[in-house]
Structures are given as structure tokens and as C-alpha cells.
Amino acid sequence: MSGRFAPSPSGQLHLGNLRTAAIAWLSARAAGRGFIVRVEDLDRQRSRREHERQQLADLAAIGLDWDGEVVRQSERFGLYEAAIERLRGEGRVYECFCTRREIRAEIEAAPTAPHQLPGAYPGTCRELAPARREELVAAGRSPALRLRGDDERVAFEDVLAGPSGATVDDVVLRRNDGTPAYNLAVVVDDAAQGVSEVVRGDDLLDSTPRQVLLQRLLGVPTPSYLHVPLVMGRDGYRLSKRDGAVTLADLQADGVPVREVIDWIARSLGLAGPDESVTLDDLVDRFDPTGIPRGPVAVPDLRSRPR
């Protein structure tokens, strides 16, 4: 049984990513669980090995260690296809020829159903007539594959958010370019790697009912979930490059040592005093997941702290 951190190697990790990684590691180690790192590089256009190397170096720099080899999703397509075939055998898979623009237009035109996920797919291709399918294929459309969700209501308990749930739409399983979809891949990987707790940003809370349904249909365990508030930029929006020095490399270039990043993470979690210097190992015995502050965290200007 283990916790995990699973970054996408499309750029450098920022302070919010590092804080979430630290929480995931602390939660696993405080409970005596293993901890793994998985590289979620399904997006082959944006993923870069140099980003992966930098991300792993940054995690190690703040004191994270992990068990076993780092796994890449790009090397596990066979597992995802096997899961799709299992769902297909149960009549749960259908082809979807809709473009994103068509889906967006139909969503905007339709009333929102109560308890439905934001941006839920309206089911346009669910009962597509054979003649219409032939027309779309002849026009050069390549289909994605979707799960027939049957408007199932899925509830789960989050450590911080409490009871959560939604009516699950027909989630994409494989994109029309042949790439396995995120929701399917993480379910397959978490099960295969023995992940018993998922810690991640609360911007992903809405996607969890889709994953819980897939877990049930594939007959794999549902891990516990801990969705943590995001670190926000100075403009009140989620942290990004526009907020200046928010990566380890940027901060170190401005003379901010890594230990100050670790100290800020500890202070933001209420695990260290204002002038206390700590390591992540120091925090394991202090950590209680239910004590994580529930509000968003403002990005600090570590460059202004006296040294």
C-alpha cells in the first residue's frame, strides 16, 4: 500500500506542485506507507524528458524519496488497452465522433442537470445510427472511445472536503489520436501500483467520481482521497509563471536556498514556527492530514525574507 505523486513533465514544478508533493509524501510516511513517483507523460506533444529529470531532481532537493523505479505512463499503453477491452466486453464502450467545439456548443445549449459534473458530455454519439457513423468515417473523422456511464450517481468521502459526489457522464477512455485518457490511465496505474491514498490539488476533486466509477467497473480498489487547496498567485488565480520566481531554479537564481522553500511548506501546513528551520523528515511525526488548512494558500515572496 502506498501514496504517490504523479507529475506531468510539461514544465518545471512550481511551489504549489512541491507543496502538494510534500503533503503526499508526509501523509504516506506518517502512516507507514510506501511512496511512489509516477510520470504522467500521456501528452506526447508537451512532455519532455528534460522536464522529467528536473522535476525528479527538485523533489529530491526538498527531501522526498520514493520506493522503486519511477514509472512512465507512455510505457504502459498495453495495460490501458486491456482495461478498455474489458469494458468493451461488458458493453460499456462506444465510439464518439464529436469535436470539442461540437461538444462545447451542445453543452452551452443544454440545461445543466442537478448533481452533474461541470462540462459533462451530453451523450451525442451514445446511440449513433449506423448510417450516420458511416458518414462520419467517410468524412475522415476518427472516433474517440467513451465509457457508457448510464448516468450513474457516484459518491465518495474526501479527507478534507468530506462527502462528495456527482452523476458521472460518458467519460473519454481513449482519445481520437489513440492516446489513453487521463481518467482511465490513473485508475489502471493506481490499481497496478498498489496506491491506497491519492493526494492531489482540489482542482481535481470534480474528476474523482469518474475515476471511482471506473474503479468499480474494473473491479479494483478505491483508494482514499485527500484533495488539498491550491497555492494561488498574487492575482488570486492559480499559480503560474506569471507570478515570477515560483520554481526552485528561479528562486535559487535569486539567492533563495532550498531550505527556505521547505520551511515555507512547513509553515503553510502549520507544522513549523515562523523562525524554525526544518526538514521534511522532521515533520513526519507532526503531520495529521485532517489538520491541513482548508483554504487556498497565497504564494509567498521568499526573496523578501531576511537571511
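## Salt bridges

A salt bridge is taken here as a side-chain nitrogen of Lys or Arg lying within 4 Å of a carboxyl oxygen of Asp or Glu. The structure under discussion is a predicted model, and by this rule it contains 26 salt bridges. One of them joins arginine 29 to aspartate 67, with 3.1 Å between the closest N and O atoms. Arginine 29 belongs to helix 1, whereas aspartate 67 sits in the loop between helix 2 (49–61) and strand 3, so this pair ties together parts that are 38 residues apart in sequence. Aspartate 67 has a relative accessibility of 37% and therefore counts as partly exposed.

A further salt bridge links aspartate 203 with arginine 238, at 3.0 Å from N to O. Aspartate 203 is found in the loop between strand 9 (197–201) and helix 7 (208–218), and arginine 238 in the loop between strand 11 (231–232) and helix 8 (248–253); the pair therefore ties together parts that are 35 residues apart in sequence. Aspartate 203 is partly exposed, at 33% relative accessibility, and arginine 238 is likewise partly exposed, with a relative accessible area of 48%. Elsewhere, salt bridges with shared partners connect Arg4, Arg38, Glu40, Arg76, Asp189 and Asp190 into one network.

Glutamate 90 and arginine 86 also form a salt bridge, in which the closest N and O atoms are 3.8 Å apart. Glutamate 90 is partly exposed, its relative accessible area being 45%. Arginine 86 is partly exposed as well, with a value of 43%.

## The parallel sheet and helix 1

Strands 1, 2 and 3 make up an open sheet in the order 1-2-3, and their pairing is parallel. Strand 1 (2–5) and strand 3 (71–72) occupy the edges; each has a single partner strand, so one side of each is left without a neighbour in the sheet. Strand 1 and strand 2 (residues 34–39) run parallel and are joined by 4 bridges. Within this pairing, arginine 4 stands opposite isoleucine 36 of strand 2. Helix 1 (residues 15–30) packs on the sheet and touches both strand 1 and strand 2, its direction making about 145° with that of strand 2.

Glycine 11 is located in the loop between strand 1 and helix 1. With a relative accessible area of 16%, glycine 11 is buried, because the limit for that class is under 20%. Apart from its neighbours within four places in sequence, glycine 11 is in contact with His51 and Gln55. The C-alpha atom of glycine 11 is separated by 39 Å from that of alanine 138, a residue 127 places away along the chain.

## The antiparallel sheet

A second group of 3 strands forms an open sheet in the order 4-5-8, with antiparallel pairing. Strand 4 and strand 8 stand at its edges with a single partner strand each, so one side of each is left without a neighbour in the sheet. On average, neighbouring strands of this sheet are turned by 45° against each other, direction ignored.

Strand 4 (residues 93–96) pairs with strand 5 over 4 bridges in the antiparallel sense. Valine 93 has leucine 147 of strand 5 as its bridge partner, and tyrosine 94 has arginine 146. On the other pairing of strand 5, 2 bridges join it to strand 8 (residues 172–174), again antiparallel. There, leucine 145 is partnered by arginine 174.

In a regular strand the side chains alternate between the two faces of the sheet. In strand 5 (residues 144–147), Ala144 and Arg146 lie on one side and Leu145 and Leu147 on the other; these residues are all buried, and both faces of the strand are covered.

## Packing of helix 3 and helix 6

Two packed helices are described by the angle between their axes and the distance between the axes. Helix 3 (residues 77–89) packs with helix 6 (residues 182–192) at an angle of about 105°, and their axes lie 10 Å apart. Helix 3 is therefore roughly perpendicular to helix 6, since the range counted as such is 65 to 115 degrees.

Helix 3 contributes Leu79, Tyr80, Ala83, Ile84 and Leu87 to the contact, while helix 6 contributes Leu184, Ala185, Val188 and Asp189. Classified by residue type, this contact has 8 nonpolar, no polar and 1 charged residues. Asp189 of helix 6 also belongs to the salt-bridge network that includes Arg4 and Arg38.

Conventions: Residues are numbered from 1 along each chain as its sequence is written. This is a predicted model: local features need pLDDT of at least 70, side-chain atom pairs count only at pLDDT 80 or more; totals for chains, interfaces and linings use all residues. Side-chain values use heavy atoms; hydrogens and water are left out. Axes are lines fitted to C-alpha atoms, for helices over the stretch in contact, and angles run from 0 to 180 degrees between N-to-C directions. Helices (H or I, at least four residues) and strands (E, at least two) are DSSP runs, numbered from the N terminus. Angles under 35 degrees count as roughly parallel, over 145 as roughly antiparallel, 65 to 115 as roughly perpendicular and the rest as oblique. Contact means heavy atoms within 4.5 Å. Ala, Val, Leu, Ile, Met, Phe, Trp, Tyr, Cys and Pro count as nonpolar, Asp, Glu, Lys and Arg as charged, and the others, Gly among them, as polar. Buried means under 20% relative accessible area, exposed over 50%, partly exposed in between (1.4 Å probe, protein chains only). Two strands pair if DSSP finds at least two bridges between them.
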